[in-house]
Amino acid sequence: MDQLRETLKVHQLRTTTCREDVLSTFINKKNALSHGDLEGALGENYDRVTIYRTLKTFLEKGIIHKVLDDEGLRYALCSHSCSEEKHQHDHIHFKCNICGKTNCLENQLIPEIALPQGYKPENFNLLIQGTCPSCNN
Ligand SMILES: [Zn+2]
Ligand SMILES: [Zn+2]
Ligand SMILES: [Zn+2]
């Protein structure tokens, strides 16, 4: 079974062509994608609402997670361990200033941050900007 169908099956999602196309765009591009990026890639086949709903379902199911970069909200594939119940991210995101791609650094965790009293953290976002390995050559 390929990655695409397997992912939908593991998360108990019915296969629709839009789900397949959105997921395969994430799998093929590898970097984080905004709603606009997906519309650019798939916009001729689906309207924005259908793409938006698909992203929302994927978010809830633990297939993709939110990535905040300096241009706004993007989404990236979760590692295989995410599910509807356990869907937490504390890894660093890296945005390349040359190619403009934002990627998950799955193994680099956000260091512990001491917050002032009374602040309860729920979500962590850390973006590092610089140059990626393919632009560094
Ligand atoms: Zn996740
Ligand atoms: Zn780059
Ligand atoms: Zn990520």
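This is a short tour of a predicted model, stop by stop, with selections to make in the viewer.

**Stop 1: the zinc ion (ligand 2)**

Select the zinc ion (ligand 2) and show the side chains of Cys-96, Cys-99, Cys-132 and Cys-135. Each of these cysteines coordinates the metal through SG, at 2.3 Å. Now check the angles among the four donor atoms. They run from 103 to 116°, and the site is tetrahedral. For reference, the ideal angle for four tetrahedral donors is 109.5 degrees.

Next, look at how the donors fall along the chain. Their spacing is C-x2-C-x32-C-x2-C. Pick out Cys-99 and Cys-135, a pair that links distant parts of the chain, 36 residues apart. Cys-99 sits in the loop between strand 3 (91-96) and strand 4 (102-109). Cys-135 is in the segment after strand 5 (127-130).

Are these two cysteines buried or exposed? Neither label fits. Cys-99 has a relative accessible area of 36%, so it counts as partly exposed. Cys-135 is at 24% relative accessibility and is partly exposed too. The cut-off for buried is under 20%.

**Stop 2: the zinc ion (ligand 3)**

Move to the zinc ion (ligand 3). Which residues hold this zinc ion? Select His-65, His-91, His-93 and Cys-104. The three histidines coordinate through NE2 and the cysteine through SG, at 2.0 to 2.3 Å. Angles among the four donor atoms span 101 to 114°, and this site is tetrahedral.

The sequence pattern here reads H-x25-H-x1-H-x10-C. Colour strand 1 (64-69) and strand 3 (91-96). His-65 lies in strand 1 and His-91 in strand 3, 26 residues apart, so the pair joins distant parts of the chain. Switch on a surface and look for these two histidines: His-65 is buried, and so is His-91.

**Stop 3: the largest pocket**

Stay with strand 1 and strand 3. Each supplies at least two residues to the lining of the largest pocket. Strand 1 gives the most, with three residues. The pocket's volume is about 370 Å³.

To centre the view, select His-87, Gln-88, His-89, Asn-123 and Phe-124. Of the 15 lining residues, these lie nearest the pocket centre. Now colour the lining by class. It divides into four nonpolar, eight polar and three charged residues.

**Stop 4: the second largest pocket**

The second largest pocket holds about 250 Å³ of space. Which element gives the most to its lining? Helix 1 (residues 3-10) does, with four residues. Select Gln-3, Glu-6, Thr-7 and Val-10, which are among the lining residues. Then add others from the lining, including His-11, Gly-62, Ile-63, Leu-77 and Cys-78. Ser-79, His-80 and Cys-82 belong to the lining as well. By class, the lining has five nonpolar, six polar and one charged residues.

**Stop 5: the nonpolar core**

Hide the pockets and show the helices. The largest nonpolar core has 19 residues. Select Val-22, Leu-23, Phe-26, Leu-38, Leu-55, Phe-58 and Ile-64, the members with the most contacts inside this core. Helix 1, helix 2, helix 3 and helix 4 (48-61) are the elements that give two or more residues to this core. Helix 2 has the largest share, five residues.

**Stop 6: the loops around helix 2**

Two residues here deserve a backbone check. Start with Gln-12, in the loop between helix 1 and helix 2 (17-29). Its phi is near 55°, a positive value in a residue other than glycine. Gln-12 counts as exposed, at 68% relative accessibility.

Then go to Lys-30, in the loop between helix 2 and helix 3 (35-42). Lys-30 has a positive phi of about 70°, although it is not a glycine. With a relative accessible area of 68%, Lys-30 is exposed.

**Last stop: Thr-15 and Ser-83**

Return to the loop between helix 1 and helix 2 and select Thr-15. Thr-15 is partly exposed, with a relative accessible area of 36%. Add Ser-83 and draw a C-alpha to C-alpha distance. How far apart are Thr-15 and Ser-83? In space they are 17 Å apart, and in sequence 68 residues.

Technical notes:
Residues numbered from 1 in each chain as written. Chains lettered and ligands numbered in written order. Predicted model: local features only at pLDDT ≥ 70, side-chain atom pairs only at ≥ 80, totals over all residues. Heavy atoms only, no water. Donors = N, O, S within 2.8 Å, 3.2 Å for Na, K, Ca; no water. Tetrahedral: all angles 85-135°; square planar, octahedral: opposite > 155°, others 65-115°. Buried < 20%, exposed > 50% of the residue type's maximum accessible area, 1.4 Å probe, protein only. 1 Å grid on protein atoms, 1.4 Å probe; cavity = no way out; pocket = protein on both sides within 12 Å on 5 of 7 lines; lining within 4 Å. Points joined across faces, edges and corners; volume = space filled by probe spheres on them. Nonpolar A, V, L, I, M, F, W, Y, C, P; charged D, E, K, R; others polar. Core = buried A, V, L, I, M, F, W, Y, C linked by side-chain atoms within 4.5 Å.
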